[in-house]
Amino acid sequence: MPGKLKVKIVAGRHLPVMDRASDLTDAFVEVKFGNTTFKTDVYLKSLNPQWNSEWFKFEVDDEDLQDEPLQITVLDHDTYSANDAIGKVYIDIDPLLYSEAATVISGWFPIYDTIHGIRGEINVVVKVDLFNDLNRFRQSSCGVKFFCTTSIPKCYRAVIIHGFVEELVVNEDPEYQWIDRIRTPRASNEARQRLISLMSGELQRKIGLKVLEMRGNAVVGYLQCFDLEGESGLVVRAIGTACTLDKLSSPAAFLPACNSPSKEMKEIPFNEDPNPNTHSSGPSTPLKNQTYSFSPSKSYSRQSSSSDTDLSLTPKTGMGSGSAGKEGGPFKALLRQQTQSALEQREFPFFTLTAFPPGFLVHVGGVVSARSVKLLDRIHNPAFVGIMGNTRSYKLLDWNSFNSDEPETRDAWWAEIRQEIKSHAKALGCHAVVGYSESTSICEEVCILSASGTAAVLNPRFLQDGTVEGCLEQRLEENLSTRCGFCHIPYDELNMPFPAHLTYCYNCRKQKVPDVLFTTIDLPTDATVIGKGCLIQARLCRLKKKAQAEANATAISNLLPFMEYEVHTQLMNKLKLKGMNALFGLRIQITVGENMLMGLASATGVYLAALPTPGGIQIAGKTPNDGSYEQHISHMQKKINDTIAKNKELYEINPPEISEEIIGSPIPEPRQRSRLLRSQSESSDEVTELDLSHGKKDAFVLEIDDTDAMEDVHSLLTDVPPPSGFYSCNTEIMPGINNWTSEIQMFTSVRVIRLSSLNLTNQALNKNFNDLCENLLKSLYFKLRSMIPCCLCHVNFTVSLPEDELIQVTVTAVAITFDKNQALQTTKTSVEKSLQRASTDNEELLQFPLELCSDSLPSHPFPPVKEHLESASSNSGIPAAQRDRCSSWIELIKLKAQTIRRGSIKTTVTVEKASPVGDGNFRNRSAPPCANSTVGVVKMTPLSFIPGAKITKYLGIINMFFIRETTSLREEGGVSGFLHAFIAEVFAMVRAHVAALGGNAVVSYIMKQCVFMENPNKNQAQCLINVSGDAVVFVRESDLEVVSSQQPTTNCQSSCTEGEVTT
Amino acid sequence: MTSELDIFVGNTTLIDEDVYRLWLDGYSVTDAVALRVRSGILEQTGATAAVLQSDTMDHYRTFHMLERLLHAPPKLLHQLIFQIPPSRQALLIERYYAFDEAFVWEVLGKKLSKGTKKDLDDISTKTGITLKSCRRQFDNFKRVFKVVEEMRGSLVDNIQQHFLLSDRLARDYAAIVFFANNRFETGKKKLQYLSFGDFAFCAELMIQNGTLGAVDSQMDDMDMDLDKEFLQDMKELKVLAADKDLLDLHKSLVCTALLGKLGVFSEMEANFKNLSRGLVNVAAKLTHNKDVRDLFVDLVEKFVEPCRSDHWPLSDVRFFLNQYSASVHSLDGFRHQALWDRYMGTLRGCLLRLYHD
């Protein structure tokens, strides 16, 4: 009996009138935890009852404490008939179970009813007395901290980053149970809410157990998702990164550390291996071992309703390994390595983090992704009873008969995909995947599972505590090395996994870098960026015939490779059009609907100083004889060139001109390549001229040989840049802007459009979808115009296809204001700085790269494109039009690499070094005057930080799931009114919970699901929303300033963990 | 491609003041969009009409949801659904309870009942204020009236406390409630030259001096009703007009004092008895509800108009009224000095305010 939960019901306010006669309410409260229920007295005739109850005490296992939510129900007492429910409050008491988090939950909670929404508020106090329990075989994992934040939380230091943890739990969906046919919608919704709450609790507990087994104490980048598979069940799955975190004792000591990057820079160890070929030896041995000794069978052995893919251990063996590692000392690593290499502790060397401690990320290989199409109904066929009805739950299932084996199936699916990801990463010469995420898209019985991440080489220092000593000496050398390392290719240049186009790093001149770099992570803080970044989106629709089951799955599988290909082409084109050379935060979402597939890729484009200047886009025509056509082409070409020039100006991309001597002769192949392409495409002379205009840079050729291609070019040009004063990105921070002021506005915007079913062609669809997204962005810019100058950060688009002709787009982002004048200054400075640095570096390091140059230059890194193209595309049976437009190797690879069910490897790499010196200084100066914050205001942001403020405490994870339903849709203002009110209520409930924990903000907030269904004919609608984030306490930087300025700049590379993210 | 659903929800609720005004003014979304387009906002921001439409809809929806809370402003402060900075909350409330002078004119002194509401259509046509806006304003009056009707204590304080209005607006509402409660006739053609401000000023004076709360602050009764006892007592003032000697004496006292100081002395002298009789009779008649309602009509008829037709300057009116009310103290046969002072104190203020073109 290791815990005592105490609850006190204080008062209520603004209750609804439940008794029409008196216009009052006789309210009382039921407090339920597990199977125990307490009741307060009835407070007669009041809308603002004062119960002031005694302390209700629940004596419970800590396992239950983790799984169960506290359930508070407010009712209206009725002497003669059944008591009417007013509404409920679910309180997750998990935050009370960590030692450092909240100690009490106390505050006003909105009373929520799934039919009526928020109906008044209730004041509750909750406490937990936890008794220490040393039982090692316990099933609970109290004390493991969870963070949604995908970087090391601000007031912590990462001692070890253990790696990937995952878990999934499956259950029947109450919405589809037979009982749902006879119970009220309210009862059904509540059953669902409660179940999901329970399942999340269980999931979190199980993940916690895995973390304990790995000897970690926290999960960072925790992402939990629901798959509503309809009649085949409800899956709750989660992934995260297990870490051992140390709390930084003095927050003030930490602050100056990040404000003085110049110092910190020297401290940061950097595992820069001069020879790219030997990178694979960099990682610690366990990593390597497991890479090669993977045995797939492992992931299938697990216990009943949970998945164990990661550890592949039963809890018992886990304990064993734990004690082995416990011996400690220098032998620990070795010991563990020996004992655990067999257990493959890091079966999947994945990290859900998107930002890392300095020095953690050594090289980045590029984006790896995998998709798989699965049929849901197949699993359950034997148990399927299949009664069709006309109620909401139209199928009757016998659940118990197959529940037990379900997690295995799902686990197997995910294991398969993860395996794929891992092998992709290996092909890129990387031993790890960072910025890893998983998602699903479900339509009827078809489910697309997707996973993506960024292949990377990591510094082993953070992965194993035993290796720190070895790193010490390394550090000295590392100090000398440059900071463009992460751009350098991790794979073997002579044995490349794909035909890449390499040049010498524009920063250090000694390593090879690719021409473009795509990643799913945030921009490393030490990377040198020129100009500003911008949001780049690729949008795509493909019609699909309606089909059933397997035929449907096959159709989707066949479409997927084309979708991926097109999405990547679009991204590449748009990136070039912006004059940029790298994408960060890339997220490609493929959504499946009844009769179409939608692809939406969002990323933040930047110009990395270490990568070569991107070439322009050339248009080539197929029919050179036609004069007017020629004219048209040249006209288009001019427009494109103008756009590129305009964009360069807009985003302030003025890469320093580096003299030829320093660079050495550039790799000559770009020109050859373009010529090659040109001859292939039989285009005319103006291309040559244009080629010249792009100088020696690599040019990107677009061939206009059919209307399709025309469309593409047009769509390229239709993307309107944000109005002046606005910037947007989907990463945490906007590259090139450092002086945030403290005003933030987080928002969610949802749009649903109905397509006219008449002329559904791919083009029309694409246009509709494109317009939808563009208009949505325009609306956002308009709405937030009062915040100018500002930047929309972490713009997160989600597409779903709720019905045949409906497209739903949900956007969550945060608008942050910044100080324009200082922004200009800072950029300038950082450019200057990087220039200086570049030249000094070049001088210092000249001898070394020269040697390398002579070696590698002759060996032409770019094989004849033409042949490659031909062979690749003809093999894969790509339509001629597309084949011809394959102008970059990236698409090639994709085409080749794609097997039916999966995606592709995407690659790139890059750059360079930090500009934090300038940034840091300015940031110091720009500490914004704090807006007078009113008590009770709770800020919400999808970012991991709050501009102009310092997070002093993490109070725990917020993970909430709500259902709202209405049978009076028109009366509530139609679908818009209904959803608007619901989202506002969700925000309110999140804020109330945070405030009750004693916090004043939610960071890393994310709306993971917003499933909206309507039936206007019946005047009904239903919506499910799932949100999560980290509740925190923050203090305005201005309040801290006095303290921090007195603190000497303490060393500690550790303490600068992630501080830079806030710049 | 039609938009089925289009919403924007901010963690901090966005309030666009311009759209709020349009909403308060009762414009439909379409009209509001048209008005916004005309304001040149599209050119300023480079937005499209569709964006404007969506934005306007969004704001309207938000306001619609907020309206329920605005009906009980303290709720707006304590609710959790919309996170709105305090300054914005104040703005929302103040604007919501603001009213049009043209509208208040039409309903001032009328019973705030359903029957009157039917007339809102006419008022809307007459004033050019949209029916929606009329409804809101009327409902505001009625709501404030209902809430403070039975309350004890200061009327202005009660209104401020329950509706969180600024001092200025609370005073205006006090006047409206006071007028509605006593049903003063304000609609007569003769009174057309008066502004709401004039009435509000008078109402405030009357609340201060003529109600129960005014005499005895211990007895914290309502501010809304005129002090019945006081009205009853004022019958006693009749003697000032009825008793010929007293009237003559009064006249001579006033004339003596004002001789040479008044530009319109002769007109005053000629009219003194009429004016005095008028004022005294107004006081004496106030026992009847009907006469209370006609108070302002009577004052204008009996005093303002005669003076105005003789072109008294305002300063002369002031001199006259001061002297007229002070001289009574020298009338030996008159015993109701206190009563007179209370009456004239209010009346003098009112008349001076009412005396203009």
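Strands, such as the one that holds A815(A), are DSSP runs of E with at least two residues, numbered from the N terminus. In this predicted model, A815(A) lies in strand β27 of chain A, which covers residues 806–818. Chain A as a whole contains 26 helices and 31 strands, and this briefing moves from the chain to a mixed sheet, to some backbone features, and then to a helix of chain B.

**Chain A overall**

- Of the 1063 residues in chain A, 64% are buried, while the accessible surface of the chain comes to about 36500 Å², with 52% of that area belonging to carbon and sulfur atoms.
- When contacts in chain A between residues at least 6 apart in sequence are considered, 81% of them join residues at least 24 apart.

**The surroundings of A815(A)**

- A815(A) has a relative accessible area of 0% and is therefore buried, since the cut-off for that class is under 20%.
- Leaving aside neighbours within four places in sequence, A815(A) is in contact with E743(A), I744(A), Q745(A) and F747(A), and also with L784(A), M787(A), C790(A), C791(A) and L792(A).
- The C-alpha atoms of A815(A) and C793(A) are 6.2 Å apart in space, although 22 residues separate the two in sequence.

**The four-stranded sheet of chain A**

- An open sheet with mixed pairing is formed by 4 strands of chain A, in the order β9-β11-β12-β10. Strands β9 (145–146) and β10 (156–171) of chain A stand at its edges, and because each has a single partner strand, one side of each is left without a neighbour in the sheet.
- The partner of β9(A) is β11(A), residues 218–228, which runs parallel to β9(A) and is joined to it by 2 bridges; within this pairing, F146(A) has V219(A) of β11(A) as its bridge partner.
- Helix α2 of chain A, residues 185–213, lies across β9, β10, β11 and β12 (234–247) of the same chain, and runs at about 135° to β10(A).

**Backbone features in chain A**

- The loop between α2 and β11 of chain A holds R215(A), a residue other than glycine whose phi is nevertheless positive, near 70°. With a relative accessibility of 34%, R215(A) counts as partly exposed, because this value falls between the 20% and 50% cut-offs.
- A positive phi, of about 50°, is also found at H794(A), which is not a glycine; this residue, however, is placed in strand β26 of chain A. The relative accessible area of H794(A) is 24%, so it too is partly exposed.
- The peptide bond that leads from I788(A) to P789(A) is cis, with omega near -5°, and P789(A) is found in the loop between α18 (762–783) and β26 (790–800) of chain A.

**Helix α12 of chain B**

- Helix α12 of chain B, which comprises the 16 residues 167–182, reaches 22 Å from its first C-alpha to its last, close to the 22 Å expected at 1.5 Å a residue.
- This helix is mostly covered, with 12 of its 16 residues buried; among them are L169(B), A170(B), D172(B) and Y173(B), the run A174(B), A175(B), I176(B), V177(B), F178(B), F179(B) and A180(B), and also N182(B).
- The residue that follows α12(B) is R183(B), and its phi is positive, near 55°.

Notes. Residues numbered from 1 in each chain as written. Chains lettered and ligands numbered in written order. Predicted model: local features only at pLDDT ≥ 70, side-chain atom pairs only at ≥ 80, totals over all residues. Heavy atoms only, no water. Pairing = 2+ DSSP bridges. Contact = heavy atoms within 4.5 Å. Axes fitted to C-alpha atoms, helices over the stretch in contact; angles between N-to-C directions. Buried < 20%, exposed > 50% of the residue type's maximum accessible area, 1.4 Å probe, protein only. Areas by Shrake-Rupley, 256 points an atom, 1.4 Å probe, with all protein chains shown as cover. Expected span 1.5 Å × (residues − 1).
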